[in-house]
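Biologist: I would like a close look at a single part of this protein, set against the whole chain, and explained carefully enough for someone in a first year of study.

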Amino acid sequence: MKYLIAGLGNIGAKYDNTRHNIGFDVVDALAEKHGGEWATEKLGDVATIKQRGRTFVLLKPSTYMNRSGKAVHYWMQKEKIDKNRLLVVMDDLNLDFGKIRLRGKGSDGGHNGLKDIDQVTGGNNYARLRIGIGNEFSKGRQVDYVLGEWSSEQQDELPKLIKRAAEACIAFGAIGLQHAMSQYNG
């Protein structure tokens, strides 16, 4: 069984360590823990890991967040991975910092990366792991907050959050969506 885990983010050093790039951080943690080697390929950086008898293709799209669908669709086709074995990992302003929520489908919730994936793949019927980044910003400052670096308090909690999200990604493939949801949501 082969799965595609697409961590969303923006390429370039100026986006490193920002809230919007937590999807990249999670797939980086997976590759590091399970011996995946990143290679720059068409439309993104790709690593493959094997865990619990499953193959996980990890993807960091190089298309920037708002065009993530092109890379996700390309790698689904190239690796012959069905939509029911796709998991998209991204930041979510609507969840408190530190919360994660795994779902089998859903709205884009205003997330431009999801919006593009929905359009390119023909619907929202794929799993997504939303990682709460909180919403402590003043009116009109949403972009600055999302593209801003973590606060020192958040930075202290980040390794635990990334580890838990990475474990949820493996669980998605190893024990299935429903069991992973009951284990990691809440």
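In what order do the elements of the protein run from the N terminus on? And, looking closely at the sheet, in which order do the strands lie, and is the pairing parallel, antiparallel or mixed?

Modeller: This is a predicted model, in which local features need pLDDT of at least 70 and side-chain atom pairs count only at pLDDT 80 or more, while totals for chains, interfaces and linings use all residues. Residues are numbered from 1 along each chain as its sequence is written, and side-chain values use heavy atoms, with hydrogens and water left out.

From the N terminus on, the elements run β-α-β-β-β-α-β-β-α-β-α-α-α, which gives the protein 6 helices and 7 strands; helices (H or I, at least four residues) and strands (E, at least two) are DSSP runs, numbered from the N terminus. The radius of gyration is 15 Å, close to the 16 Å that the globule rule gives for 186 residues, so the protein is as compact as a globular protein of that length; this radius is taken over C-alpha atoms, and the rule is 2.2 Å times the number of residues to the power 0.38.

Now to the sheet. Strands of a sheet pair through backbone hydrogen bonds, either parallel or antiparallel, and two strands are said to pair if DSSP finds at least two bridges between them. Here 7 strands form an open sheet in the order β2-β3-β4-β1-β5-β7-β6, and the pairing is mixed. The edge strands are β2 (39-41) and β6 (100-103), each of which pairs on one side only, and the twist averages 25 degrees from one strand to the next.

Beginning at the β2 edge, β2 and β3 pair in the antiparallel sense over 3 bridges, with Ala39 standing opposite Val46 in β3. The hairpin of these two strands has 2 residues between them, and Leu43 in that hairpin takes a positive phi near 65 degrees. β3 in turn pairs with β4, again in the antiparallel sense, over 8 bridges, and Asp45 stands opposite Lys60 in β4. This second hairpin also has 2 residues between its strands, and Arg52 in the turn has a positive phi of about 50 degrees. Arg52 is exposed, with a relative accessible area of 55%, where buried means under 20%, exposed over 50%, and partly exposed in between (1.4 Å probe, protein chains only). Leaving aside its neighbours within four places in sequence, Arg52 is in contact (heavy atoms within 4.5 Å) with Ile170, Ala174 and Ile175. Arg52 and Ile175 are 123 residues apart in sequence, yet their C-alpha atoms are 9.5 Å apart in space.

Elsewhere in the sheet, strand β5 (residues 86-92) and strand β7 (residues 127-132) run parallel and are joined by 6 bridges, and Asp92 has Gly132 in β7 as its bridge partner.

Finally, helix α1 lies across β1 (2-7), β3 (44-51), β4 (54-61), β5 and β7, running at about 140 degrees to β4. Such angles run from 0 to 180 degrees between N-to-C directions, and the axes are lines fitted to C-alpha atoms, for helices over the stretch in contact.
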